[in-house]
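User: I am new to this structure and would like to know how its descriptive labels are earned. Please set each value against its definition.

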Amino acid sequence: MTPISTGSEWTFDLLDEYERAIREIAVKEYGLDVYPVQLEVISAEQMMDAYSSVGMPVNYHHWSFGKHFVSTEKSYKRGHMGLAYEIVINSNPCIAYLMEENSMTMQALVIAHAAFGHNSFFKGNYLFRTWTDASAIIDYLVFAKSYIARCEERYGIDAVEELLDSCHALMNYGVDRYKRPQKLSLAKEQARQEEREQYLQMQVNDLWRTIPRPAKSGGEHEPVRFPSEPQENLLYFIEKSAPLLEPWQREIVRIVRKVAQYFYPQRQTQVMNEGWATFWHYTIMNRLFAKGLVTDGAMMEFLQSHTNVVYQPPVTARWYNGINPYALGFAMYQDIKRICEEPTEEDRLWFPDIAGSNWQQTLDFAMKNFKDESFVSQYLSPKLIRDFRFFSIRDDDRDSTLLVSAIHDDEGYRDVRQKLSEQYNLGSREPNIQVWSVNVRGDRGLTLRHTMHRRRPLEAGSAHEVLKHVARLWGFDVRLESVNEAGEVEQTFEVKHLPEQLSLQSA
Amino acid sequence: MAHIIDRRLNGKNKSAVNRERFLRRFKAQIKEAVSKAIKGRSITDIDSGEKVSIPVKDVSEPVFHHGKGGVTENVHPGNEEFIKGDRFNRPQGGAGGGGGKASQDGEGEDDFAFELSREEFMNVFFEDLALPNLVKTQLMGIEEMKSVRAGYTSDGTPTNISIVRSLRGALARRVALSAPTLSELNEVEEDLDTLLESDDEHDIEVREKRKRIHMLRERLASIPFIDPFDLRYNNRVRQPKPTSQAVMFCIMDVSGSMDEAKKDMAKRFFILLYLFLQRNYEKIEVVFIRHHTSAVEVNEHDFFHSRESGGTVVSSALHLMKEIVYKRYNSSEWNIYVAQASDGDNWDSDSANCAQILSESLLPLCQYYAYVEITESEPQNLWYEYLKVKERCKHFAMQRIHSTADIYPVFREIFKRQPATRA
């Protein structure tokens, strides 16, 4: 076959042809299941715009996005940073951005990577299937943007901005980790919004309902716990129970919460998602080359940028900055494929169920049913641990020195694997903070509880700042207790709510 | 199959609002940073954007994250020499990466640096400065005329006929003259027909109807449907479009005592003023006058670059300026601003003379007169003479500049927005 193109310039016709060729390979030959694809050609400036609104094509306005934009713009103009080749949006149809500056080869790479790799991951992975609704997100953001804009008109930019600041501070604590969220839909949202607004406001009185409940058997004043169980979703709790919020404020809390929930799966599947997309662009480009559809030159260009993407600097390098998710993810999928196709003795011992199986089915299963944490603990092979020369370091503040706790040897494989998996566990990466109680009968103070994991304390400065935001949302005093494994309170932060507290900026 | 959409033509400034929000929020810090950036910097750079940095602490968004302490265990790639059980000292400056980018928002004393566009920069730069004496608005230069709608007239060219208005007038006239309508006529005619068709004898009625039809026809014919009298024309009048124009006189002493450094400071001051005027007037002309013992009008290059020597007679420049104003800049059409820079040297006998020319003939013509004295030594006689002028005239300002860093503060001082006292 003759190559689709030979030059480096792209045209719309060529994009279309490449897309067809790639689709042929991805869908027909390898059976990837994807959302319809929408490719959008954009300029570098637009790429920066997209960057700063967390990749979404529409979003509400907030200064923090402006800050993001300003710093992106600066580093791009100075040449400190290349822009990402692609941004892809988990929506249906799946929107992938192509930057006009890219060469034809790079566009093909991006199409394979984003429009087929990420796309099939979004459609297949259980976290995305459970937590996000690809067909509704854009509509929801349109709703959120116009709702917030209306609030700004009505209540002033400052009031809305303050509220958003506070919500953003708690964004990571605005997700349900276990309960499945409801589907979003623009029409439903709008229809329900007003009804909910009024209804919610009536509901708030729940906290101080005046009708006495029938006393329990004891009859004594057993202080009623509120909430009856600790709550992990701080924003949800605030939306439903903060006594003084206006209806529109509750709605905005809800919007931030929904957006946080939408991004929650992405934060848990970095290695898997990037690795998957990288694996597929690599496989597809090689297939294109094998079919004679791309030239040697294009292949060289592709390999050059591919190797850059999957490079893992060693810990000793000056520019070492943690584990490169592209490198690890790509290596793991390649490794699974290898175990399927050419298993060694070791592989048969470690992975008896997949050694020698059909690699496409095995990969598909792996992509669909895991997140980073479980993916690593399930599939990281001794060979990869050796290849990466992984080792783990234990830093105990009670010891004066650091300890190398495991390396790539027989004794250490499981250890390293378990620790790496733990490293991707959002639950242990982020402090575990939950709503503990509300002093319903007293000062209405809210108590949060941080359950310490391996004696790790909170960073005091930022914890104090965030608590100020919580106090602003809650409207009364807020306490935060760090509780150690023995159940004793080790550290307490407290913020008094001042009604006239207008600015949170410490300066 | 796939949709390919070219979005390049869509607006690229989607983030403009967010950017503006960002600037709005950190206005105070940005302002401080701008005035810091200005100090000692070449003023010509001001015209372009400016790099500004504000403390990271202020722009950070706090989130809960782990602090130091407790047990952390991280996996790293690229082991070279360690085996299990090795111990080594903590590296200085934080133990190993790990924990993602947790500390990104926490510590870090670095500044958050970014660039302001020219427009944004100028906004901050000239914020709460105002041109004093913008009273001359009624005397704006009249150059352009624009035609605006001004209702309707009863005469004009056929192309301008307003059909709606004309017909409305015609209808009103017909109603006023109680002209019958066609439908009225038709009605009677129909009645007549039915009468004729019926076999009964209705002679009287038929005659009545015929008479009425005849009368209606006559009246219809006698009152025209439209009359030249009804015609209305769209009216447009030409209104003078005020264009504000200003002329700025730069007067500088180039005598031997003004060295390069002083001239440079003067230049910066002039450019500041020029930029500032540019924001207020659409059209600005600049006249450069330099003087030692005699004054000449020169172009910009000569003004700043050529060197003269010799003594100083300030009044020569003032005379020349007066002449130029009378010749070219009629003060009823032009807003006149003057910036004079000198090191304060002057012939002793001339200073009193200068003050007199100023207060008698120049100041009445000017919108504003700013005098800056660039010197490190004691003020000389010119300063004291001018002080007297200042007491009498509100639109005369004078300040002393010692070093480059003073220029901006002095400029701000001179053009500080004043409480609206003058009507």
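Analyst: A nonpolar core is a set of buried Ala, Val, Leu, Ile, Met, Phe, Trp, Tyr and Cys residues joined through C-beta atoms within 7 Å. The model is predicted. Its largest nonpolar core has 154 residues, and A:Ile22 and A:Ala96 have the most contacts inside this core. The largest share of the core, 12 residues, comes from H4(A).

User: What does A:Ile22 touch, beyond residues up to four places away in sequence?

Analyst: A:Ile22 touches A:Ala108, A:Ile111, A:Ala112, A:Phe116 and A:Ile284. There is also a second, separate core of 58 residues, which includes B:Cys354, B:Tyr386, B:Ile407 and B:Ile414.

User: Why is H4(A) called oblique to H11(A)?

Analyst: Helix H4 (residues 104-124) of chain A and helix H11 (residues 270-290) of chain A pack at about 135 degrees, with axes 8 Å apart. Angles over 145 degrees count as roughly antiparallel and 65 to 115 as roughly perpendicular, with roughly parallel kept for those under 35. The angle of about 135 degrees fits none of these classes, so H4(A) is oblique to H11(A). Their crossing is right-handed.

User: Which residues of H4(A) and H11(A) meet, and how do they divide by class?

Analyst: On H4(A) they include A:Ala112, A:Phe116 and A:Phe121, and on H11(A) they include A:Trp276, A:Trp280 and A:Ile284. The residues of this contact divide into 10 nonpolar, six polar and no charged.

User: What makes H16(A) roughly antiparallel to H18(A)?

Analyst: The axes of helix H16 (residues 372-379) of chain A and helix H18 (residues 413-423) of chain A come within 8 Å and cross at roughly 170 degrees. Because angles over 145 degrees count as roughly antiparallel, H16(A) and H18(A) earn that label. A:Glu373, A:Val376 and A:Ser377 in H16(A) meet A:Arg417, A:Gln418, A:Leu420 and A:Ser421 in H18(A). That contact has two nonpolar, three polar and two charged residues.

User: Why are H7(A) and H10(A) oblique to each other?

Analyst: Helix H7 (residues 157-169) of chain A and helix H10 (residues 247-268) of chain A pack at about 40 degrees, their axes 10 Å apart. Roughly parallel needs an angle under 35 degrees, and roughly perpendicular starts at 65. H7(A) and H10(A) are therefore oblique. H7(A) passes H10(A) in a right-handed crossing. A:Leu163, A:Leu164, A:Cys167 and A:His168 of H7(A) make the contact with A:Gln249, A:Ile252, A:Val253 and A:Val256 of H10(A). By class, the contact has six nonpolar, two polar and no charged residues.

User: Why does B:Ser53 count as partly exposed?

Analyst: B:Ser53 has 16 C-beta neighbours inside 10 Å. A buried residue needs 20 or more, and an exposed one has 12 or fewer. The count of 16 falls in between, so B:Ser53 is partly exposed. B:Ser53 sits in strand E2 (residues 50-55) of chain B. Leaving aside neighbours within four places in sequence, B:Ser53 is in contact with B:Ala33, B:Asp111, B:Phe112 and B:Ala113.

User: How many residues of each chain take part in the contact between chain A and chain B?

Analyst: The contact takes 57 residues from chain B and 81 residues from chain A. Among the elements giving two or more residues to the side of chain B are helix H1 (16-25) and strand E5 (111-116). The residues of that side divide into 19 nonpolar, 20 polar and 18 charged.

User: What is notable about the backbone at A:Arg454 and A:Arg455?

Analyst: Phi of A:Arg454 is near 50 degrees, a positive value in a residue other than glycine. A:Arg455 also has a positive phi, of about 60 degrees, although not a glycine. Most residues other than glycine have a negative phi. A:Arg454 lies in the loop between strand E7 (446-451) and helix H20 (460-474) of chain A, and A:Arg455 lies in the loop between E7 and H20 of chain A.

User: Are A:Arg454 and A:Arg455 buried, exposed or partly exposed, and why?

Analyst: A:Arg454 has 14 other C-beta atoms within 10 Å, and A:Arg455 has 16. Because partly exposed covers counts between 12 and 20, A:Arg454 and A:Arg455 are partly exposed.

User: Which peptide bond leading to A:Pro93 is cis, and how do you know?

Analyst: The bond from A:Asn92 to A:Pro93 is cis, with omega near 0 degrees. A:Pro93 lies in the loop between strand E2 (86-89) and strand E3 (94-99) of chain A.

Note on methods: Residues numbered from 1 in each chain as written. Chains lettered and ligands numbered in written order. Predicted model: local features only at pLDDT ≥ 70, side-chain atom pairs only at ≥ 80, totals over all residues. Axes fitted to C-alpha atoms, helices over the stretch in contact; angles between N-to-C directions. Helix = DSSP H or I, 4+ residues; strand = E, 2+ residues; numbered from the N terminus. Left-handed = near helix turned anticlockwise from the far one by under 90°. Contact = placed C-beta atoms within 7 Å. Nonpolar A, V, L, I, M, F, W, Y, C, P; charged D, E, K, R; others polar.
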